[in-house]
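Reader: I'd like to learn how to read overall fold and core features from a model. Can you walk me through it?
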Amino acid sequence: SGNGPETFELRAGVRGDASLELRLVAEKPVVAFGTNGVSRKGRDPTASSHYLTFTRLQTEGTVRLAGATAAVKGLSWMDHEFSSSQLEPGQAGWDWACILLDNGSEVMAYRMRREDGSTDPFSTWAWIGADATPRHVGPDRFRWEVEGHWTSPLTGARYPNRVRLLAPARDGQGTVTLRLDPLLEAQEIADPLGGVAYWEGACRVRDASGKVVGRAYLELAGYVGRLRDKFR
């Protein structure tokens, strides 16, 4: 895209039932999470990834569903994470969220869950400001609290899909509280052939007073079977 913002064209379809064509223009440069482009997920060096993200993409285009075509526009978040392994012994899964706030800042946060229910010290919270440089906060300085669950009638998994997050404010002054409420409870992705089942879906973001202050995408993995066995 020359000297202008990064621009992408996205075309996708689901059999013949649905399709989309989107144009995405980055408002911010690419973000590299972690240290020198390496995002650690555990004590074992193999539990690492390269993690690159465009946090705020102006998006417009068309979506076709059931024979009808609609024009759409909004904001997108694009993740690209690749690794040889993401879980180490003792880890059961992860809870992850990307958050687009209406004030122009973004948050990427995850907690690596251990099999005993505790939060792994390699969990992180990252503020992203205007220059796209992430400011990481360790798990000793932010809290990921569960406020509600949804139980899948298909897999029986009980997902903690209502979340309250508390972390130091981006400017370092005080604490910010963000609540994630799913737009739809049933957002489980389940592979009928025995693959990985997980909950992944869109959420509203509310502040401590209940005001909607943004939108989020929440991923909850490792609540069905042994997730580590799927990544060997």
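Author: Sure, starting with the radius of gyration: it's taken over C-alpha atoms, and the globule rule is 2.2 Å times the number of residues to the power 0.38. This is a predicted model, where local features need pLDDT of at least 70, side-chain atom pairs count only at pLDDT 80 or more, and totals for chains, interfaces and linings use all residues. Residues are numbered from 1 along each chain as its sequence is written, and side-chain values use heavy atoms, with hydrogens and water left out.

Reader: What radius of gyration does the chain have?

Author: It has 18 Å, which agrees with the value near 17 Å for a compact globule, because the chain has 232 residues. The C-alpha trace spans about 50 × 45 × 40 Å along its principal axes.

Reader: How many helices and strands are there?

Author: Helices (H or I, at least four residues) and strands (E, at least two) are DSSP runs, numbered from the N terminus. Here you get one helix and 16 strands.

Reader: Which residues have the most contacts inside the largest nonpolar core?

Author: A nonpolar core is a set of buried Ala, Val, Leu, Ile, Met, Phe, Trp, Tyr and Cys residues joined through side-chain atoms within 4.5 Å; buried means under 20% relative accessible area, with a 1.4 Å probe and protein chains only. The largest one has 27 residues, and Ile 99, Trp 125, Trp 144, Leu 178, Leu 180, Val 205 and Leu 218 have the most contacts inside it. Strands supplying at least two residues each include E7 (91-101) and E16 (212-221). A separate, second core has 16 residues, among them Tyr 51 and Trp 94.

Reader: What percentage of the residues is buried?

Author: That's 42% of the 232.

Notes
Buried means under 20% relative accessible area, exposed over 50%, partly exposed in between (1.4 Å probe, protein chains only).
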